[in-house]
Amino acid sequence: MNAILELFQYDFFLKAFIAAVFASISCGIIGSYIVSRRIVFISGGITHASFGGIGLAFFIGFNPLLGAVLFAVLSAVGIQFFTKVAEIREDSSIAIWWSLGMALGIIFIFITPGYTPNLMSYLFGNILTVTISELWWMFTLNVVIIAFFALLFRKILYIAFDEEYARAAGLPVTLFNYLLIVLIALTVVLNIRVVGIILILSLLTIPQATANLYTNNFKNLLILSSVFAFTGTVSGLFISYFLDIPSGAAIIFTLVIIFAVLKLLKSVF
Amino acid sequence: MEPLIKISDLNVGYDKVPVLHNVNLEIFEKDFLGVIGPNGGGKTTLLKAILGLIKPFNGTIEFRKDISGKKKPIGYLPQVKHMDRKFPITVFEVVHSGSIMEGASKSKKIINEKVEQLLNEMGVYDIRNKAIGELSGGQMQRVFLCRALLSDPKILILDEPDTFVDNRFEGELYERLRKLNEEIAIVLVSHDMGTISSYVKTIACVNGNLHYHRSNTITQEQLNDYNCPIQIITHGAIPHTVLKYHQ
């Protein structure tokens, strides 16, 4: 126990812990929305497309997270636009943006002179290297998400559940869809530092699957998913530190174990 | 009398492919219109056009002046088979979602009371905290009917409310609709012509185009003429009007 408490004296660990809290809340809420609406695949597309922005940032020389935000939002809106306006099949639109972003990222990084030191931490995450400014961005995102969901909870829920009915009632369904897809893009990008591009989908789906074992109420799902995300992220952080293994992978491993054990317990009892 | 809804020369469909051609229809106060027709004939398309979910290619759908605002005081019960039954939402919340429709009270307290009252009336109060995935087909229909009625609509639109419904509830449902019809207009889509014909006041047959009568009887010959392949069951006890062929 002392060994754990001592860790909090380290600046890097405290920052990682705070990042875990922020990531759990944003991914818990946004992930619940994604899972309920069955748009996990869209989220995967946005995540991977953001790699193009990271590559561009390396090449030109600005903050990679800014590049990722740019590409994530662009692809999020792009997927919606391809599907709704250009009438390309949704799964194909997603695949186009997904692979285009990855391809651009690879080209940019290839033509960037020299070695790109942090590349691995963007792909697989490294919560222990989170910076103060990144924490501020995560904090802001959390405030926006919580405010958005607290103020418009029922509208979000009713549109997600029955979009056609919401349209018949005259709610601004399209506006909501765009706003939420942008929030998904921002959530994905600002949490890349925690588990990385390749693994971020896990934080958006596994805690939700675990929470779904215990509740079918959307509001409880948001809260419980955040709690399970927090449990998994923090436990993973400790495991990563004590076993000296990569944090992103340790976090996902913990999330899956929690899900598997609880699912098993629920099936048996 | 001015109709609540007046549809004139309506052409409508999806992705530039027309489904309905030159539809003309008037729905009056306290009408009870049964819409029948084969699958793919455009029954649901007609409802969607009325609800404003799809835009007409040409023609118009006009609402009576007092209900012609941007939002329409319509109660809508969609086909429950299209619902995502795995969605994490409780029965109470589904009914409460009717509050987004025009005509619903703005007061949270009144809405909550009305939700509980409807749940009670429809016999689904005890399952109000269950997820919709745990319900039977009949229970689903009741819950969605509660939602449609929450906003005290002027017009109630029901898309096949009799699918998955047990016999007991079917009778109950139509009796309830008959009562509601004393106050409001009802448009009911069904492919079970036999059951609805004793409740509805008018019948429309939709099969690419629309034929309708201001009467609740229709003969097999007329259905043949309309190219409306529906089996008809007549009711011995009910007075019969046989309509002449008309265009």
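The exercises below, each with a worked solution, concern a predicted model.

**Exercise 1.** Determine how the strands of the open sheet in chain B are ordered and paired.

*Solution.* Begin with the order, which in chain B reads β2-β1-β4 across 3 strands, with antiparallel pairing. Next, look for strands that pair on one side only: these are the edge strands, β2 (17-27) and β4 (58-63) of chain B. From one strand to the next, the twist averages 30°. Then take one pairing in detail: strand β1 (residues 5-14) of chain B and β4(B) are joined in the antiparallel sense over 5 bridges, and Ser8(B) is found opposite Thr60(B) in β4(B).

**Exercise 2.** Decide whether helix α1 (residues 43-50) of chain B is enclosed by the rest of the structure or not, and describe how α1(B) is placed against the strands.

*Solution.* First apply the cut-off for burial, which asks for 20 or more other C-beta atoms within 10 Å of a residue's own. Going through the helix, one finds that Lys43(B), Thr44(B), Thr45(B), Leu46(B), Leu47(B), Lys48(B), Ala49(B) and Ile50(B) are buried. Because 8 of the 8 residues are buried, α1(B) is largely enclosed by the rest of the structure. As for placement, α1(B) lies across β1, β2 and β4 of chain B and runs at about 120° to β1(B). Just after the helix, Gly52(B) adopts a positive phi of about 80°.

**Exercise 3.** Work out the relative direction of α7(A) and helix α9 (residues 173-190) of chain A from the angle at which they pack.

*Solution.* The angle is about 150°, and the axes of α7(A) and α9(A) are 11 Å apart. Since angles over 145 degrees count as roughly antiparallel, α7(A) is therefore roughly antiparallel to α9(A). The crossing of α7(A) past α9(A) is left-handed. Residues making the contact include Trp137(A), Leu141(A) and Phe148(A) of α7(A), together with Phe176(A), Leu183(A) and Leu186(A) of α9(A). Sorted by class, the contact of α7(A) with α9(A) comprises 12 nonpolar, 1 polar and 1 charged residues.

**Exercise 4.** Identify which helix of chain A gives the most residues to the side that touches chain B, and sort that side by class.

*Solution.* Start from the whole contact, which takes 18 residues from chain A and 17 residues from chain B. On the side of chain A, α7 (132-161), α8 (163-168) and α12 (218-243) each supply at least two residues. Of the elements of chain A, α8(A) gives the most to this side, with 5 residues. Finally, the class count for the side of chain A that touches chain B is 10 nonpolar, 5 polar and 3 charged residues.

Terms used. Residues numbered from 1 in each chain as written. Chains lettered and ligands numbered in written order. Predicted model: local features only at pLDDT ≥ 70, side-chain atom pairs only at ≥ 80, totals over all residues. Buried ≥ 20, exposed ≤ 12 C-beta atoms within 10 Å, placed from the backbone. Helix = DSSP H or I, 4+ residues; strand = E, 2+ residues; numbered from the N terminus. Pairing = 2+ DSSP bridges. Axes fitted to C-alpha atoms, helices over the stretch in contact; angles between N-to-C directions. Contact = placed C-beta atoms within 7 Å. Nonpolar A, V, L, I, M, F, W, Y, C, P; charged D, E, K, R; others polar. Parallel < 35°, antiparallel > 145°, perpendicular 65-115°, else oblique. Left-handed = near helix turned anticlockwise from the far one by under 90°.
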